[in-house]
Amino acid sequence: MPELPEVETVKRVLEPQIRGLTVTKVTVKRPEITAYPDAEQFCRLVTGQTISHMERRGKFLILHLRSHDRIILHLRMTGCLLLAPADFPEEAHTHIIFSLSGSPEELPGWDNAPASENTSVSNDLPASDNVSVSNGLPASETVSVSNNLHALELRFSDMRRFGRFWLIRENEEDPYSGIGKLGIEPFDDKLTPAYLAARLGKRRKTVKECLLDQSVIAGIGNIYSDEILFAAGIYPARPANSLKQEDWERIAAAVPERLAFFTEKNEITWEDYLQAKGRNYRNTPFFQVYGRSGQPCPACNHRLCRMVVGGRSSVYCPDCQKDPGA
């Protein structure tokens with residue numbers, strides 16, 4: 001599952017490329033992917049809107065529109081967001097396509113993107129002319145962009161179809177996406193040993209399970225909880241209520257440091273991101289413990305071990321992360 005470093009990478013690659021572009025058509029091939037509102041209404045409301053900027057919150061991506069509406073997206077386990085020329089081969093399991101238009105000045109690096117030879121878009125077209133929804137919902141006529149604009153598509157593919165989109169209108173409450181329930185960001189100054197101790201220090205759950213709680217810290221998943229706990233030297237299955245002040249201090253330091261490190265190692269150009277179809281994360285070789293069970297610990301050369309914590313696989317070093325109850 002993409003976690004904070006991967007989602008932040010998607011945001012950093014795509015945000016400069018889509019800022020200022022206008023959605024000329026939305027094609028939804030799997031209506032269940034648009035969790036709110038329904039697929040037909042989602043398409044109608046988004047078509048004709050212009051993208052202001054993109055933001056990350058935890059593992060969510062937010063497309064802010066100039067109308068102050070927001071498209072909220074969660075990639076879940078296998079979701080992928082890709083900006084491509086319209087004639088770029090479409091990935092299997094592509095479920096939503098946003099056709100985009102904009103002047104070349106708004107599209108740095110896309111000088112060779114193919115342009116359409118058809119007629120221009122009018123934002124006052126009837127909604128049905130801009131909407132394409134399959135699986136029995138109303139389909140539409142194709143809306144093209146004029147030949148002085150670049151034809152680009154923002155595509156969402158998801159093999160397991162767990163990813164979801166929500167459209168939240170200006171001043172509308174959002175009880176749908178769950179983004180409002182997120183805890184603080186890992187880079188927030190509020191992430192202190194005192195904050196962690198207050199939120200987690202009385203819990204009987206394992207410290208690893210606590211780090212996965214998105215209502216406490218947003219963005220940490222199975223991969224980076226292992227890496228954080230290794231950096232902090234803490235046994236993953238240790239009950240949170242057994243941690244001492246110095247343990248919380250090490251975790252509070254490791255969370256932002258590790259996530260920033262792995263985000264930096266993920267740095268990629270938009271050209272390479274496109275050619276890799278948005279799936280080539282570059283930080284994998286830098287993992288210290290995740291996915292390395294049975295291999296030597298990079299710190300002490302002891303064999304790394306795997307166990308299941310709260311139903312999730314966890315890799316740790318039994319020497320660097322000693323079990324205090326053993």
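**Exercise 1. The nonpolar cores**

Task: State which residues of the largest nonpolar core touch the most other members.

Solution. Step 1: A nonpolar core is defined as a set of buried Ala, Val, Leu, Ile, Met, Phe, Trp, Tyr and Cys residues joined through side-chain atoms within 4.5 Å. Buried means under 20% relative accessible area, exposed means over 50%, and partly exposed lies in between, with a 1.4 Å probe and protein chains only.

Step 2: The largest core has 38 residues, and Leu14, Val26, Ile71, Leu81, Phe98, Leu100 and Phe165 touch the most other members. Helix 1 (residues 4-18) gives the most to this core, namely five residues. Another core, of 27 residues, lies apart from it and includes Ile184, Tyr195, Leu211 and Ala240.

Step 3: In soluble globular proteins, nonpolar side chains tend to be buried together.

The structure is a predicted model, in which local features need pLDDT of at least 70 and side-chain atom pairs count only at pLDDT 80 or more, while totals for chains, interfaces and linings use all residues. Residues are numbered from 1 along each chain as its sequence is written, and side-chain values use heavy atoms, with hydrogens and water left out.

**Exercise 2. The chain as a whole**

Task: Determine how many helices and strands the protein chain has.

Solution. Step 1: Helices (H or I, at least four residues) and strands (E, at least two) are DSSP runs, numbered from the N terminus. The protein chain has seven helices and twelve strands.

Step 2: Of its 326 residues, 52% are buried.

Step 3: A contact means heavy atoms within 4.5 Å. Among contacts with a separation of 6 or more, 75% are between residues 24 or more positions apart.

**Exercise 3. Strand 6 and its partner**

Task: Identify the strand to which strand 6 is joined by seven bridges.

Solution. Step 1: Two strands pair if DSSP finds at least two bridges between them. Strand 6 (residues 79-85) is joined to strand 9 (residues 152-158) by seven bridges, and the two run antiparallel.

Step 2: Leu81 has Phe156 of strand 9 as its bridge partner. Leu81 also belongs to the largest nonpolar core.

Step 3: Seven of the seven residues of strand 6 are buried.

**Exercise 4. The hairpin of strands 11 and 12**

Task: Describe the pairing of strand 11 with strand 12, and decide whether Cys305 is buried or exposed.

Solution. Step 1: Strand 11 (residues 305-309) pairs with strand 12 (residues 312-316) in the antiparallel sense over five bridges. The two strands form a hairpin with two residues between them, and Gly310 in the turn has a positive phi of about 60 degrees.

Step 2: Cys305 is in strand 11, and its bridge partner in strand 12 is Tyr316. Cys305 has a relative accessible area of 16% and is therefore buried.

Step 3: Leaving aside residues up to four places away in sequence, Cys305 touches Ser293, Ser314, Val315, Tyr316 and Pro318. The C-alpha atoms of Cys305 and Pro318 are separated by 7.0 Å, although these residues are 13 residues apart along the chain.

Step 4: Ser313 is found in strand 12. Its relative accessible area is 27%, so Ser313 is partly exposed. Beyond four places in sequence, Ser313 touches Lys208, Asn222, Asp226, Arg306 and Met307. Ser313 and Asn222 are 91 residues apart along the chain, with their C-alpha atoms separated by 7.7 Å.

**Exercise 5. Helix 5**

Task: Explain why helix 5 is described as largely enclosed by the rest of the structure.

Solution. Step 1: Helix 5 (residues 222-232) is largely enclosed because ten of its eleven residues are buried. Among them are Asn222 and Asp226.

Step 2: The buried residues of helix 5 pack against helix 1, helix 4 (207-211), helix 6 (245-265) and strand 12.

Step 3: Gly233 follows helix 5 and has a positive phi, near 70 degrees.

**Exercise 6. Backbone details in loops**

Task: Establish which residues are joined by a cis peptide bond, and whether His68 is buried or exposed.

Solution. Step 1: Tyr36 and Pro37 are joined by a cis peptide bond, with omega about -10 degrees. Pro37 lies in the loop between strand 2 (34-36) and helix 2 (39-46).

Step 2: His68 is not a glycine, yet has a positive phi of about 80 degrees. His68 is found in the loop between strand 4 (60-65) and strand 5 (70-74). With a relative accessible area of 55%, His68 is exposed.
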